[in-house]
Amino acid sequence: MQYISTRGKAPALGFEDTMLSGLARDGGLYVPETIPTLSADDIRAMHGLSYEEIAFRVMRPFVGDAFTDEVFADLIAKAYANFGHDARAPLVQLGNGHFLLELFHGPTLAFKDFAMQLIGQMFQEALSRSGKRVTIVGATSGDTGSAAIEAFRGLDAVDVFILYPHGRVSEVQRRQMTTPVESNVHALALDGTFDDCQARLKDMFNHFEFRDSVKLAGVNSINWGRVLAQVVYYFSSAVSLGAPDRTVSFTVPTGNFGDIFAGYIAKRMGLPIDRLVVATNQNDILHRCLSTGGYVTDSVTPSISPSMDIQVSSNFERALFDAYNRDGNAVAQLMDELKAGGFHVSQGAMQVLREHYDSGGVSEDETLSMIAHANRHMGELLCPHSAIGVKVAEDLRDPNVPMITLATAHPAKFPDAVEKASGIRPPLPDRMADLFDRDERVTRVPNDLDQLETLIKDRIAS
Ligand SMILES: *Cc1c(COP(=O)(O)O)cnc(C)c1O
């Protein structure tokens, strides 16, 4: 299995190099050269299997010879062993024909654990085999950083540094990043915004001398390994509702387009999916693009669903690549236009996108109302992101096709918004109830590239 860049100019790579490098050298994102398919019988054979067994069957064809079957099964087992629910991704019913896929039973209470826990294991295995070490640096507005720290803490081939904006993440998110005791974990509170964190991270990747000297690696959502791990729960949930003999649709609270793109991959692999519905908050560039064809950046307005506050949705590039018949030059040109403020998707490409995707945008007030409504009438306390999904799904769904909405975070991760909407302050699950008693360890850092690079070099040398 080879992976090619969406901009057509970087060399094709195998799975291991694709995962370890993250971004392609031409600035593009890696996608599989061909998408393997599973037959209806293959999918039917998943009935009654555990999450881990389904994960193995879905991901195996993408991994090639990077891991033996035995090793790969073992990595999957370790990745999900710390989840707080035996089903890993349980499906609950909200109403007639509407289901909620709970993706928040991982160690940091957001769906990002599904991918991050697995790539933590895969990085460690690949690196220990080659004797290499890497330095992972990530920027976060909260969920990615906590999931990455949780996944990589204590692994000896990896140092992990997470930049988060000082004073701008929730207390639960901060504590999840600052309380791990392992010495390979480094939480850095940057004096600046999330955009500053991302900008400094990008600077480090573009500073080749530094990049090579510390063996910089990225685990943000454009990493193919993360997309792949998310394909699994589309299969496990659809199968539990009768796939392949029953078609389902999905609604996905969307920011960087990684999660919903995994649903598209599941569909291309042969899972019968009718609609893939993109749900956005007030930062609705994707909803506007899918409605009008215009992808024009605006400023980000902070919301009560901060993990979806984005302006540029990185993984959308992968959807465009397929919509433009895998023409890397066309994608590269769109991305150049984006630097100048935006682009228009061609009519032909819009037609392809509309074959798969629908979209809806939700205001702050509608989000709060849906949290209250779901608590009263659906028996579910939703986090704000999940509430946005449920709202769009209720508005757009076809009553004849079961709808599965992805619940992307646990309500206890966003207690203020949930309490405001419902009057209930959701408690942390028992297994992390002592989070507020643990000691914090964090380094305050200036928004300055030189000083950051020096700090990182010093830390990994010691
Ligand atoms: C990251 C995140 C999202 C958005 O997912 P994308 O893959 O970036 O589209 C939605 N909800 C929560 C809680 C998240 O952490």
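Modeller: A residue is near a molecule if one of its heavy atoms lies within 4 Å of it. This is a predicted model, where local features need pLDDT of at least 70 and side-chain atom pairs count only at pLDDT 80 or more, while totals for chains, interfaces and linings use all residues. Residues are numbered from 1 along each chain as its sequence is written, and side-chain values use heavy atoms, with hydrogens and water left out.

Biologist: Which residues come nearest to the ligand?

Modeller: Let's start with the whole shell, which has 15 residues around the ligand. By class, it holds five nonpolar, seven polar and three charged residues (Ala, Val, Leu, Ile, Met, Phe, Trp, Tyr, Cys and Pro are nonpolar, Asp, Glu, Lys and Arg charged, the others, Gly among them, polar). The residues that come nearest are K112, D143, G255, N256 and T408.

Biologist: How far is an N or O atom in the side chain of D143 from an oxygen atom of the ligand?

Modeller: Here we look at polar contacts, pairs of N or O atoms within 3.5 Å. Two of them use the backbone: a polar backbone atom of G258 is 3.3 Å from a ligand oxygen, and a backbone N or O atom of D259 lies 2.9 Å from one. For the side chain of D143, the distance to a ligand oxygen is 2.7 Å.

Biologist: How much of the ligand's accessible area does the protein cover?

Modeller: On its own, the ligand has 380 Å² of accessible area (Shrake-Rupley method, 1.4 Å probe). The part covered by the protein is 97%.

Biologist: At what angle do α5 and α6 pack?

Modeller: Helices here are DSSP runs (H or I, at least four residues), numbered from the N terminus. Residues of α5 such as K112, M116 and F123 meet residues of α6, including D143, A147 and F152, where contact means heavy atoms within 4.5 Å. The contact of α5 with α6 has seven nonpolar, three polar and four charged residues. With axes 8 Å apart, α5 (112–130) and α6 (143–152) pack at an angle (0 to 180 degrees between N-to-C directions of lines fitted to C-alpha atoms over the stretch in contact) of about 35°.

Biologist: Which residues does a cis peptide bond join?

Modeller: Most peptide bonds are trans. In this model, one cis bond has omega of about 10°, and P244 sits in the loop between α10 and β9 (248–253) (strands are DSSP E runs of at least two residues). The joined residues are A243 and P244.

Definitions and conventions:
A polar contact is a pair of N or O atoms within 3.5 Å; within protein, one must be able to donate a hydrogen and the other to accept it, and residues adjacent in sequence count only if both atoms are side-chain atoms.
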